[in-house]
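Hi everyone, thanks for making time. I'd like to walk you through one structure today, so let's put it up on the screen.

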Amino acid sequence: MEPGELTGSGPTLVLTAGAKSPGQKSWTISRPITLIGSKRPAHILLHQPSIQPAHCVVVMAGGRGILLDLLTPTGTRCNGDVCAKRELRSGDVIEVGPTRINVAFSNPLPQTSNRLAATSA
């Protein structure tokens, strides 16, 4: 296990780019903060001219995934909406430049917990 990895049987976040295509890539998010960008030290590398070296992050906290844009010129979208901060749910689609990333959780938190978090934020 690497430093910073999460352990336990809580929710696991899986991000998939290029779903159902020969170039499909999936990442299991196992660290508290995952950087998405076009250059190292990004954990998820997306090589496109419109993607910044440090474009956005996914923060895992309390079994939830939070998407944060890093004040990029082109922004980060979730389900078609430009967002600075967004709680992720299974079925969401993140757009970073031209790359579409599908969101899925295994072992999600009970639905009532998700509703409470959404209303209290």
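**Strands, core and a pocket**

Let's start with one pair of residues: Ala61 has Arg64 of E6 as its bridge partner. Before I go on, a word on what you're looking at: this is a predicted model, where local features need pLDDT of at least 70 and side-chain atom pairs count only at pLDDT 80 or more, while totals for chains, interfaces and linings use all residues. Residues are numbered from 1 along each chain as its sequence is written, and side-chain values use heavy atoms, with hydrogens and water left out.

Okay, the overall layout. The chain has 1 helix and 11 strands; both are DSSP runs numbered from the N terminus, helices being H or I with at least four residues and strands E with at least two. Reading from the N terminus, the strands are followed by the helix: β-β-β-β-β-β-β-β-β-β-β-α.

Now back to that bridge. E5 and strand E6 (residues 64-69) run antiparallel and are joined by 6 bridges; two strands pair if DSSP finds at least two bridges between them. They sit in an open sheet of 5 strands, ordered E4-E3-E5-E6-E9, with mixed pairing. Strand E4 (44-45) and strand E9 (85-87) are at its edges with a single partner strand each, so one side of each has no neighbour in the sheet.

There's another open sheet, with 6 strands in the order E2-E1-E11-E10-E7-E8 and antiparallel pairing. Its edge strands are E2 and strand E8 (81-82), each pairing on one side only. Further in, E1 and E11 pair antiparallel over 6 bridges, and Val14 stands opposite Ala104 in E11.

Let's look at the E2 edge. Thr28 is in strand E2 (residues 25-29). Which residues does Thr28 contact, leaving aside neighbours within four places in sequence? They are Thr12, Leu13 and Val14, with contact meaning heavy atoms within 4.5 Å. Thr28 and Thr12 are 16 residues apart in sequence, and their C-alpha atoms are 7.2 Å apart in space.

Next, the inside. Of the 121 residues of the chain, 36% count as buried, which is under 20% relative accessible area with a 1.4 Å probe, protein chains only (exposed is over 50%, partly exposed in between). The largest nonpolar core has 21 residues, and Leu13, Leu15 and Leu88 have the most contacts inside it. A nonpolar core here is a set of buried Ala, Val, Leu, Ile, Met, Phe, Trp, Tyr and Cys residues joined through side-chain atoms within 4.5 Å. Strand E1 (12-17), E2, strand E5 (56-61), strand E10 (93-96) and E11 each supply at least two residues of this core. Not counting residues up to four places away in sequence, Leu88 touches several residues, including Leu13, Val58, Ile94 and Phe105.

Last stop, Thr99, which is found in strand E11 (residues 99-106). Buried or exposed, what does Thr99 count as? Thr99 counts as buried, because its relative accessibility is 14%. Outside its neighbours within four places in sequence, Thr99 is in contact with Ala17, Leu46, Gln48, Ile51 and Ile94.

And in the chain as a whole, residues 24 or more positions apart account for 38% of the contacts with a separation of 6 or more.

That's my tour; happy to rotate the view if anyone wants another look.
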